[in-house]
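Please work through the following exercises with the sequence and the model at hand. Each task is followed by a solution in steps.

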Amino acid sequence: RMAMHHADWTVTEAGFGFDLGAEKFFHIKARPAGLDPDAVVLVTTIRALKLHGGKARDALDQADVEAVRRGLENLDKHIASGSHFNKQPVVALNRFAFDTDAEIRVVRERAEAHGVSFAETRHFAEGGKGAEDLAREVMKSTVENKPYSPLYELTDTIYEKVNKVCKYMYGADDVAFTKEAEKDLKT
């Protein structure tokens with residue numbers, strides 16, 4: 001809140017992954033504080049996508065467009081998770097020296113297919129200049145910002161809340177509680 005009073009833009013990192021970071025940010029930080037983020041940035045790397053696409057850890061520096069393409073299912077899920085909160089993220093691809101233009105093109109095309117913005121960033125190597133495209137895309141994304149929508153109501157039972165988070169964030173069809181968990185929840 002202090003940063004928001006002293007700056008035109010306030011940026012915070014929610015954490016790793018939409019499921020682990022953003023879901024908790026929206027429900028635990030933003031909601032009780034009455035915050036409605038103007039933009040969401042989903043950061044990825046070619047290395048991570050190749051790893052999700054089945055490429056061996058010791059071969060991630062080798063160009064492999066097909067491994068990137070297979071790994072895009074992970075990116076798809078994180079983009080979909082953003083939509084559950086009524087937010088369309090900007091996909092920021094941190095570019096490193098071993099990434100190829102062909103690999104990056106596959107990611108850009110997937111973001112465009114989802115109708116979300118894409119920015120290639122090089123701030124690791126170029127400092128602030130390497131993040132200018134991302135800054136422009138983030139600013140553009142705020143023009144059509146939709147209000148944040150939580151996954152569950154505060155009046156929902158604990159069971160309903162857990163079911164909704166598991167369904168929307170993790171793709172569960174249903175949740176089964178152990179007897180011990182049910183006992184703990186009653187307590």
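The exercises below concern a predicted model and proceed from the whole chain to its pockets and then to single residues.

**Exercise 1. The chain as a whole**

Task: Establish how many helices and strands the protein chain has, in what order the elements run, and what share of its residues is buried.

Solution.
Step 1. Counting the elements gives 9 helices and 3 strands.
Step 2. Read from the N terminus, their order is α-α-β-α-α-β-α-β-α-α-α-α.
Step 3. The C-alpha trace extends over about 55 × 45 × 25 Å along its principal axes.
Step 4. The chain has 187 residues, and 35% of them count as buried. The exposed surface of the chain comes to about 11,600 Å², of which carbon and sulfur atoms supply 53%.
Step 5. Among contacts with a separation of 6 or more, 64% join residues 24 or more positions apart.

**Exercise 2. The largest pocket**

Task: Describe the volume of the largest pocket, and state which element gives the largest share of its lining.

Solution.
Step 1. The largest pocket holds about 1,500 Å³ of space. Its lining consists of 43 residues, and those closest to the centre are T12, E13, A14, V40 and V41.
Step 2. Two or more lining residues come from each of α1 (2–6), α2 (18–33), β1 (41–45), α3 (46–52), α4 (65–84) and α7 (132–141).
Step 3. The largest share belongs to α2, with 8 residues.
Step 4. Sorted by class, the lining comprises 26 nonpolar, 10 polar and 7 charged residues.

**Exercise 3. The second largest pocket**

Task: Give the volume of the second largest pocket and divide its lining by class.

Solution.
Step 1. The volume is about 310 Å³. Of the 15 lining residues, Q88, G115, S141, E144 and N145 are the closest to the centre.
Step 2. The lining of this pocket divides into 4 nonpolar, 6 polar and 5 charged residues.

**Exercise 4. Lysine K87**

Task: Locate K87, decide whether K87 is buried or exposed, and find what its side chain reaches.

Solution.
Step 1. K87 belongs to the loop between α4 and β2 (90–94).
Step 2. The relative accessible area of K87 is 3%. Buried means under 20%, so K87 is buried.
Step 3. At 2.7 Å, the side chain of K87 reaches the backbone oxygen of K146.
Step 4. With residues up to four places away in sequence left out, K87 touches F26, D36, P37, V40, G82, N145, K146, P147 and Y148.

**Exercise 5. Two residues of helix α5**

Task: Compile the surroundings of E103 and of I104.

Solution.
Step 1. E103 is located in helix α5 (residues 101–114), and I104 has its place in helix α5 too.
Step 2. E103 has a relative accessible area of 0% and is therefore buried. I104, with a relative accessible area of 4%, is buried.
Step 3. The side chain of E103 comes to 3.0 Å from the backbone nitrogen of T100.
Step 4. Beyond four places in sequence, E103 touches I46, K50, Q62, A63, D64, V65, V68 and F98. By the same exclusion, I104 is in contact with I46, L93, R95, D99, F118 and E120.
Step 5. The C-alpha atoms of I104 and V68 are 8.8 Å apart, with these positions 36 residues apart along the chain counted as their separation.

Technical notes
Residues numbered from 1 in each chain as written. Predicted model: local features only at pLDDT ≥ 70, side-chain atom pairs only at ≥ 80, totals over all residues. Heavy atoms only, no water. 1 Å grid on protein atoms, 1.4 Å probe; cavity = no way out; pocket = protein on both sides within 12 Å on 5 of 7 lines; lining within 4 Å. Points joined across faces, edges and corners; volume = space filled by probe spheres on them. Helix = DSSP H or I, 4+ residues; strand = E, 2+ residues; numbered from the N terminus. Nonpolar A, V, L, I, M, F, W, Y, C, P; charged D, E, K, R; others polar. Buried < 20%, exposed > 50% of the residue type's maximum accessible area, 1.4 Å probe, protein only. Contact = heavy atoms within 4.5 Å. Areas by Shrake-Rupley, 256 points an atom, 1.4 Å probe, with all protein chains shown as cover. Polar contact = N/O pair within 3.5 Å; in protein donor to acceptor, adjacent residues only side chain to side chain.
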